[in-house]
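Work through the exercises below with the sequence and coordinates open. Each task is followed by a solution in steps.

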Amino acid sequence: MYSPDFSALKEALGSFGFLVNFGFWSGFYFYVRQSAIVLGSALLVFSAVVLVRVWPYRLRFYVLEGRRAYQLPQAKRIAEEDERISRRRKWDSIIKKAGSVGHQGYAMSIIEADILLEDTMGRLGFLGKNLAERLRSSAPGELPSINDIWEAHKLRNKIAHEPNFRLSQEETTKALGAYKKALEELTAI
């Protein structure tokens with residue numbers, strides 16, 4: 001096998017002539033490879049340790065357009081309690097309206113309950129410009145009664161888009177029950 005003569009090149013490079021030496025490059029490759037194996041193993045172990053330590057907090061980091069999972073400072077907690085009280089008063093007025101006015105009262109109470117749930121979900125961080133989009137953006141398991149809420153929202157859409165639609169007291173009670181359950185699941189009332 002023919003091996004080229006690099007002696008003239010070594011002399012021309014002077015003190016950098018070692019760069020032309022095959023032994024230098026094979027040794028350099030060996031040490032770089034060993035260093036990469038050790039460093040890669042250390043980073044793999046470090047990643048595993050971090051994953052094991054962070055695993056219990058994964059739900060706190062998992063915010064899919066949804067509710068906050070961290071503790072709020074005291075001032076915010078007080079403000080949220082005030083909002084909860086005002087939503088509860090609004091809910092009580094919705095229930096009174098459903099019981100006193102008749103068919104128009106049924107329709108207005110369902111529309112107002114829908115608006116209350118939409119506003120509440122928006123304040124809790126659900127993304128979307130209306131209730132349907134906010135329901136779609138909720139994380140799985142975040143609202144266990146989501147199917148009942150969809151049925152109540154469909155009923156609200158019939159009220160809003162069909163002028164001759166008349167509600168029964170049973171439909172109203174069922175829809176308001178779904179809205180109440182959703183608000184309780186969100187700890188809004």
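**Exercise 1. Burial in the last helix**

Task: State which residues of α8 are buried in this predicted model.

Solution. The cut-off for burial is a relative accessible area under 20%. In α8, the buried residues are Thr172, Ala175, Leu176, Ala178, Tyr179, Ala182, Leu183 and Glu185. An α-helix has 3.6 residues a turn, so residues three or four places apart point the same way.

**Exercise 2. Chain overview**

Task: Give the secondary-structure content of the protein chain, the share of buried residues and the share of long-separation contacts.

Solution. Step one: the protein chain has eight helices and zero strands, in the order α-α-α-α-α-α-α-α. Step two: 26% of its 189 residues count as buried. Step three: among contacts with a separation of 6 or more, 57% are between residues 24 or more positions apart.

**Exercise 3. Helix lengths**

Task: Compare the end-to-end distance of α5 and of α8 with the span expected at 1.5 Å a residue.

Solution. Step one: α5 covers residues 103-123. Its 21 residues should span 30 Å, and the end C-alpha atoms are 30 Å apart, so the two values agree. Step two: α8 covers residues 169-185. From first C-alpha to last, its 17 residues reach 24 Å, close to the expected 24 Å. Step three: look at what follows each helix. After α5 comes Gly125, with a positive phi near 105 degrees; after α8 comes Thr187, with a positive phi near 50 degrees.

**Exercise 4. Packing of α5 on α7**

Task: Describe how α5 and α7 cross and which residues make the contact.

Solution. Two packed helices are described by the angle between their axes and the distance between the axes. Step one: the axes of α5 and α7 (residues 146-161) come within 10 Å and cross at roughly 125 degrees. Step two: angles from 65 to 115 degrees count as roughly perpendicular and those over 145 as roughly antiparallel, and α5 and α7 are therefore oblique to each other. Step three: the crossing of α5 and α7 is left-handed. Step four: α5 contributes Ala107, Ile110, Ile111, Asp114 and Leu117 to the contact, and α7 contributes Ile149, His153, Leu155, Arg156 and Ile159. By class, the residues of this contact are seven nonpolar, one polar and two charged.

**Exercise 5. Packing of α7 on α8**

Task: Repeat the analysis for α7 and α8.

Solution. Step one: the axes of α7 and α8 are 9 Å apart, and the packing angle is about 130 degrees. Step two: that angle makes α7 oblique to α8. Step three: this crossing, too, is left-handed. Step four: the contact involves Asp148, Ile149, Ala152, His153, Leu155 and Arg156 of α7, with Glu171, Ala175, Ala178, Tyr179 and Ala182 of α8. The classes here are seven nonpolar, one polar and three charged residues.

**Exercise 6. Two single residues**

Task: Are Glu112 and His153 buried or exposed, and what does each touch beyond four places in sequence?

Solution. Step one: Glu112 is in helix α5. Its relative accessible area is 13%, so Glu112 is buried. Glu112 is in contact with Lys90, Ile94 and Lys97, leaving aside neighbours within four places in sequence. Step two: His153 lies in helix α7. With 9% relative accessibility, His153 counts as buried. Not counting residues up to four places away, His153 touches Asp114, Leu131, Ala132 and Tyr179. Step three: relate this to the packing. His153 is listed in the contact of α5 with α7 and in the contact of α7 with α8.

Terms used:
Residues are numbered from 1 along each chain as its sequence is written. This is a predicted model: local features need pLDDT of at least 70, side-chain atom pairs count only at pLDDT 80 or more; totals for chains, interfaces and linings use all residues. Side-chain values use heavy atoms; hydrogens and water are left out. Axes are lines fitted to C-alpha atoms, for helices over the stretch in contact, and angles run from 0 to 180 degrees between N-to-C directions. Helices (H or I, at least four residues) and strands (E, at least two) are DSSP runs, numbered from the N terminus. Angles under 35 degrees count as roughly parallel, over 145 as roughly antiparallel, 65 to 115 as roughly perpendicular and the rest as oblique. A crossing is left-handed if the near helix is turned anticlockwise from the far one by less than a right angle, and right-handed if clockwise. Contact means heavy atoms within 4.5 Å. Ala, Val, Leu, Ile, Met, Phe, Trp, Tyr, Cys and Pro count as nonpolar, Asp, Glu, Lys and Arg as charged, and the others, Gly among them, as polar. The expected span of a helix is 1.5 Å times one less than its number of residues. Buried means under 20% relative accessible area, exposed over 50%, partly exposed in between (1.4 Å probe, protein chains only).
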